[in-house]
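Colleague: Could you walk me through reading this one? I would like the general idea first, then the case at hand.

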Amino acid sequence: MKVDHAERGIFNDSHDQFRDQVRRFYEREIEPNVAAWEAAGIFDRDLFRKAASAGILCPGMPEEYGGGGGDLLHMAVCYEEHGYSPAGASIDSGLDTDASAYLILNGGTEEQKREWIPRFASGEVVGEGLFTEPHSGSDMAAMRTTAEPDGDGYVINGSKAWITNANHLDLCLLVARIKNGAPRPHFAVFLIDGDAPGVTKGKPFRTSHAGCGNLGELFFDNVRVGPERLLGGRGEGGIGQAARTLNLTRVLYAARSVAACELALSMALDFTKGREAFGAPLFKLPTVKAKLAEVRMRIDVARAFVDKCLVQANAGTLSAERSSMAKLWATEMEVDVADICAHLHGAMGLSLDHPISRIVTASRAHRYAMGVSEMQRETIMRSL
Ligand SMILES: Cc1cc2nc3c(=O)[nH]c(=O)nc-3n(C[C@H](O)[C@H](O)[C@H](O)COP(=O)(O)OP(=O)(O)OC[C@H]3O[C@@H](n4cnc5c(N)ncnc54)[C@H](O)[C@@H]3O)c2cc1C
């Protein structure tokens, strides 16, 4: 599908060239394979190495850490092309693991950055932030996973659920409650190898989505880590950086959702223009056309705000409440738009063989990932 990105006025030539690179990667390496991965319930781990060879992992990371030397808008391009690809909904958050690399870039010690970021960029390491637990998602204070001080290191016990790429994880950026008897809970981020003694991975969850994105759980049983595995070394353990990195990621999610809406709209336009009913294309029916016009308007209005947030995020000036507004607005819009566009496909909108059905289920997941809509409202409310 064709979108005029130049008209948005936020990208330069380097972003445009990079967009072609990412799009070609989706067309060559993901779209032809996604049906087989869906049947297997998981996409190939090798995809990360291929993406690294194509130069599309960590595009916004500094070159000195093995990244592409670009900026946050290069990363936004990756998220958008994910949204534009008909296979994007199926692979869930798929290759969008750079947020965890950003966590290390923003909160890690120099040694941690040098050790881990080049390995993210080369596809050698798949990492993810592990916050959610079987008993707690939004309510972080209810987190049960603990890190008990032991000598100069820690012993970790607990479990995490609904983790992106769970079965592919080489590095867990695990958030745990420090067990130190303090009255106020104190959380920290630990860097734990996915194959460390005491770490086990569950089977990918079976979801209504039926994609190949590999959301799953991990268990931590007396996992010993040294002090060098506390993000940022001694101190707060990077938890403040984790929150700030989530703000960046939320606006990238918003950009992906706007792109997915564009894709859903283009599918609905193609379908309604090609299908005849009552002697003419469905598209000619005023009630159908009015729905499509409404969707067009909502996407364009949302895009203007999300683009403004992307520019602010790139400049380091995006506030938490704006990031939450972008994420809340775009993901809720995606649920509505996906539903309207799937509806216009008639029964075909239910078929797992048509990508529009996956856009519907993925849109629901996007309301939860990176914090549910109600939590975004709470962030906005705090700013009033
Ligand atoms: C595709 C996908 C990828 C994900 N990847 C990861 C990952 O890599 N790492 C990770 O740690 N987690 C991940 N998650 C989990 C995600 O972060 C959680 O689903 C999310 O934080 C919500 O937690 P929960 O599902 O436990 O729902 P809960 O927090 O239990 O919320 C259930 C419902 O309660 C309501 N609710 C919650 N809070 C409030 C509130 N403050 N006010 C009013 N109502 C409220 C909402 O309706 C909400 O939907 C992912 C989820 C998805 C869908």
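Modeller: We will take the overall form, then the core, then the ligand site. This is a predicted model, where local features need pLDDT of at least 70, side-chain atom pairs count only at pLDDT 80 or more, and totals for chains, interfaces and linings use all residues. Residues are numbered from 1 along each chain as its sequence is written.

Colleague: How many helices and strands are in the chain?

Modeller: Helices (H or I, at least four residues) and strands (E, at least two) are DSSP runs, numbered from the N terminus. The chain has eleven helices and nine strands.

Colleague: And how do I read the core?

Modeller: In soluble globular proteins, nonpolar side chains tend to be buried together. A nonpolar core joins buried Ala, Val, Leu, Ile, Met, Phe, Trp, Tyr and Cys residues through C-beta atoms within 7 Å; buried means 20 or more other C-beta atoms within 10 Å of a residue's own, with C-beta atoms placed from the backbone. Here the largest such core holds 111 residues, and Phe190, Val251, Ala264 and Cys341 touch the most other members. Helix 7 (residues 239-274) gives the largest share of this core, 18 residues.

Colleague: Which residues surround the ligand most closely?

Modeller: A residue counts as near if its C-beta atom, placed from the backbone, lies within 6 Å. Of the 21 residues around the ligand, the closest are Phe131, Thr132, Gly137, Ser138 and Glu374.

Colleague: Where does the ligand lie relative to the domains?

Modeller: Domain bounds come from an automatic or database domain assignment. The ligand lies between domain 2 (128-236) and domain 3 (240-382), because both give residues to its shell. Helix 10 (355-368) and helix 11 (373-382) are among the elements that each supply at least two shell residues.

How values were computed
Buried ≥ 20, exposed ≤ 12 C-beta atoms within 10 Å, placed from the backbone.
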